[in-house]
Structures are given as structure tokens and as C-alpha cells.
Amino acid sequence: MFHATFAAPDLTTFCRLDDLGLEAVGQFLDRERAVIECRVIEPDPWCRKCGAEGVVRDTVARQLAHEPFGHRPTTLLVRVRRYRCDHCRRTWRQDMSKAAAPRAKISRGGLGWALEAIVVDHLTVSRAAAGLGVSWHTANTAILAEGKRRLIDDPTRFDGVTTIGVDEHVWRHTRFGDKYVTVIIDLTPNRNKTGPAKLLDMVEGRSKAVFKQWLAARPKQWRDRIEVVAMDGFTGFKTAAAEELPDAISVMDPFHVVGLAGDALDVCRRRVQQDLLGRRGMKGDPLYQARRTLHTGDKLLTDRQRIRLEALFAAEEHVEVEATWGIYQRMIAAYREPDKTTGKQMMQDLIDAVTSGVPTALVEIRKLGRTLKRRAADILAFFDRPGTSNGATEAINGRLEHLRGSALGFRNLTNYVARSLLEAGGFRPHLHPRMR
């Protein structure tokens, strides 16, 4: 039930033309479009040059794409008066800046609808253009410019950031040109459990210099407020953070740490497979059959999977795989430990175990131990600062992959950066009041 006072039907109010300084005076409907004839409400008879009152000379028509109603594009046919000053001979038109920008083809109402369609509803530019009844290039240019003006260029967008994540991202799959970019994520909402992480910026290239230059371009007061930087195992990001954010704590997130152990397990399994049979794994080979089971956490194993692993490790020639698998499981157990103090001690014991006294035959564990020893401080820092995982960064990377798939790829990096910020920049609450 609606508990409201209803007014008489009014096309001007229904189409929100009064917000644009327009008044509906006619309509035309067919299957393809709806045309609303409008006029500018406020007269504009005074000459801005001499101050004299002008006289109406004639009217001109201007067409603007407006927000659609139903599945039909809506066009505003605006009748604009032209005035002439008899004193200085100057001519001018009624001011309709509330309705649209000069020479714009889309009304401000239509532009607001299109921006919400992109940011809130995650529609493609093609779908927004079809809704407005304009070309793709017209819609794309207008939406990106409006998004940049209202959202991306907002000076308060970087306020309150204390935890950031950094990672690489592939923005196009071509053999020509640089296909990598560096993405910087605001993990503060995720760490404080106040909302999802959001994309702060995207910079072309992936290197220490790229991240260092981005940090150096930020105001010193902003850099001084950064407490934690979450990252993967790339030392370039760590070095750049250490140089530009000397007081911030670097955290190597669990996703990539466990990934290192998982890679060591895969390499060990393939090496043993090659040494035993002289070929890669095939359908009937025990090691190949267990490749996915080996990556399953011990507490998540089914009875069938446990029987398969017991049979696999019963063979003496698989002892190296079993040892590497044990290290992998110990690492998962440390991260899944509810008590972070206990989990930190478990991880410290694991790092100590793989950095000394490891048999020469376990080449993968020895290599893993060198990496863990070099990044021990960053790995252990996670347990003192829960919520600083780069998992949110990987989630945003997945959203950007979906964006690129919906758009059928991008050729222009500038457009891709703008679309990515609108997609994952955390702007939905700014446009939709119910999402605040």
C-alpha cells in the first residue's frame, strides 16, 4: 500500500522535466520511440551586453536523448526561443543549461540514467546507448566524461585510506604492446568490515618504478596515513612501498603464500612422475589422478579422497610428494587457525622447518624455504593484522575480467581505466541512496 497523496497526472513531473527547467507541451508515441515536445520554463529576455530587454525573434528546436521509459528511447524536442536586442543588435537563445550542456546530445537526466546503468546496474555501454537511442560513441564519450566529473575526479575519493593492496592485472590478451597494468586497491573497508574494497587507480605497466611513481605522486599527508600495504611475492612492489612508505607494514597475503606452496607441490609431483615413468602424467597414473586431491585441505577431504591419498603415499617412491604435501597442509592449517597468535607460531615453526635441515632430494621444499625466509616478516605480519589479505584485490581483478568480457575487449587503455573505476571504484552508494 502507498501511503501518499496522489496528484493529477502530469507529464512534466512524471518525466522529471521540471528538474531540467523544462515543461512538456506535447507528445508523440510509436513503437520505436517516444518524443516529448518541451519548452524552456524561464524566459531570458534581457541582453547580457547592454542590459536592454530584447524581443522574441523566433524559435529553434533542439533534440536531446532522455532517460527511457519502458523499452522505448525517449527524445526531448525542446523549443528554444531566440531573442534580439534592438539596442545593440545582439541575438541570443534561452538559457537551457539546466537541461543539457552546450552542444550535448543527451539531457542531464538521460546522462544521469546512463551513469547509474553503468555503475549501479553494471550494464554495458551498448545497452545504455540503445536505451538512450544514440550511437555507442556518443554514449561512451558522454558517460565517461560525466563519470569523471561526478565520481572519478572527486577530491575526497582518497580520504580515509589506511590499507592498500597492489597487484598486477592483464587488461588485454594481445601479442603487441604492454598488456599489464598495476592496480591499487583500497582495502580499508574490508579490513574494518565496513564494506567492500574498492579500486583506487590503475597504472600502465608492472614494475617497481610504476608503483613507486604512483606513490610519489600522492600527497605526503596521504602517504603518512597508510599503515599497511598488502601484496603478492613480487619484490618490486615491496621495494617501492619500503622507499615511499617507510612507516607502512608490508603484508604478503595468504592467497599468494599458499600459492607458492601449491606450486612447489605441483612441481614436485611432476618431477617424481617424470623420474618414475619418463613421461608426463596420464589418465591411469596415480600421481596424475590425485593432482586435485593433493590441493584439498586436510579437513575437507572426503573418505574416498583419504583412501586415495593413503594408497598414494604407501608407495615408497612417492615419499618426496608426501613430504611436500605435508608442508602444504601445515601452511593451510596455520592460516585457518582461529587463534591468530597460535597461527602465527605455527607459521613461524613451518618457516624454521623448511629453512634448515631439509634433505637435498627435496629441492622444491628447499626453494620454497628460501622464499619464505626472505619474506618471513611480511608473511607473519598478516597474523597481527587480520583483514589485510589481498583476496579482495583478486576479487576486483575478477570483476574487471568480467567487465572486459562484457565489453568484448578494450583497445584504449584510458577508456579501460575509466570503465574499471566506474565498475569497481565503490561509487554505487553515491548514485543509489538505498546502498548507503
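These legends describe close-up views of helix contacts, pockets and a cavity in a predicted model.

**View 1. Helices α9 and α14 pack against each other with a right-handed crossing.**
Helix α9 covers residues 254-277, and helix α14 covers residues 363-374. Their axes come within 9 Å and cross at roughly 160 degrees. Angles over 145 degrees count as roughly antiparallel, so α9 and α14 are roughly antiparallel to each other. From α9, the contact takes V257, L260, A261, A264, V267, C268 and R271. From α14, it takes V363, E364, L368, T371 and L372. By class, the residues of this contact are nine nonpolar, one polar and two charged.

**View 2. The largest pocket draws part of its lining from α9 and α14.**
The space in this pocket is about 420 Å³. The lining has 20 residues, and those closest to the pocket centre are H256, L260, D263, K367 and T371. Two of these names return from View 1: L260 of α9 and T371 of α14 are also part of the helix contact. Strand β6 (163-170) joins α9 and α14 as a supplier of at least two lining residues. Which classes make up the lining of the largest pocket? There are 10 charged residues, seven nonpolar and three polar.

**View 3. Helices α3 and α4 meet at an angle of about 105 degrees.**
Their axes lie 9 Å apart. Angles of 65 to 115 degrees count as roughly perpendicular, so α3 and α4 are roughly perpendicular to each other. On the α3 side, V125, S126, A128 and A129 make the contact. On the α4 side, the residues are W136, A139, N140 and I143. The contact has six nonpolar and two polar residues, with no charged residue.

**View 4. The second largest pocket is lined in part by α3, α4 and α17.**
About 330 Å³ of space lies here. Of its 15 lining residues, W136, A407, G409, F410 and R411 are the closest to the centre. W136 also belongs to the α4 side of the contact in View 3. Helices α3 (125-132), α4 (136-152) and α17 each give two or more residues to the lining. The largest share comes from α4, with three residues. By class, the lining of the second largest pocket holds eight polar, five nonpolar and two charged residues.

**View 5. Helices α2 and α17 come within 8 Å of each other, axis to axis.**
Helix α2 spans residues 108-119, and helix α17 spans residues 413-424. The axes cross at roughly 75 degrees. The range for roughly perpendicular is 65 to 115 degrees, so α2 and α17 are roughly perpendicular to each other. L115, I118 and V119 of α2 make the contact with R419, L422 and E423 of α17. Four of the contact residues are nonpolar and two are charged, and there are no polar ones.

**View 6. One cavity of 30 Å³ or more is found in the whole structure.**
How much space lies in the largest cavity? The volume is about 80 Å³. The lining is H122, L123, T124, H402, L403, S406, A407, R419 and E423. Two of the names, R419 and E423, also sit on the α17 side of the contact in View 5. A407 is also among the residues closest to the centre of the second largest pocket in View 4. Helices α16 (391-406) and α17 each give two or more residues to the cavity lining. Helix α16 gives the most, with three residues. The lining of the largest cavity divides into four polar, three nonpolar and two charged residues.

Definitions and conventions:
Residues numbered from 1 in each chain as written. Predicted model: local features only at pLDDT ≥ 70, side-chain atom pairs only at ≥ 80, totals over all residues. Heavy atoms only, no water. Axes fitted to C-alpha atoms, helices over the stretch in contact; angles between N-to-C directions. Helix = DSSP H or I, 4+ residues; strand = E, 2+ residues; numbered from the N terminus. Parallel < 35°, antiparallel > 145°, perpendicular 65-115°, else oblique. Left-handed = near helix turned anticlockwise from the far one by under 90°. Contact = heavy atoms within 4.5 Å. Nonpolar A, V, L, I, M, F, W, Y, C, P; charged D, E, K, R; others polar. 1 Å grid on protein atoms, 1.4 Å probe; cavity = no way out; pocket = protein on both sides within 12 Å on 5 of 7 lines; lining within 4 Å. Points joined across faces, edges and corners; volume = space filled by probe spheres on them.
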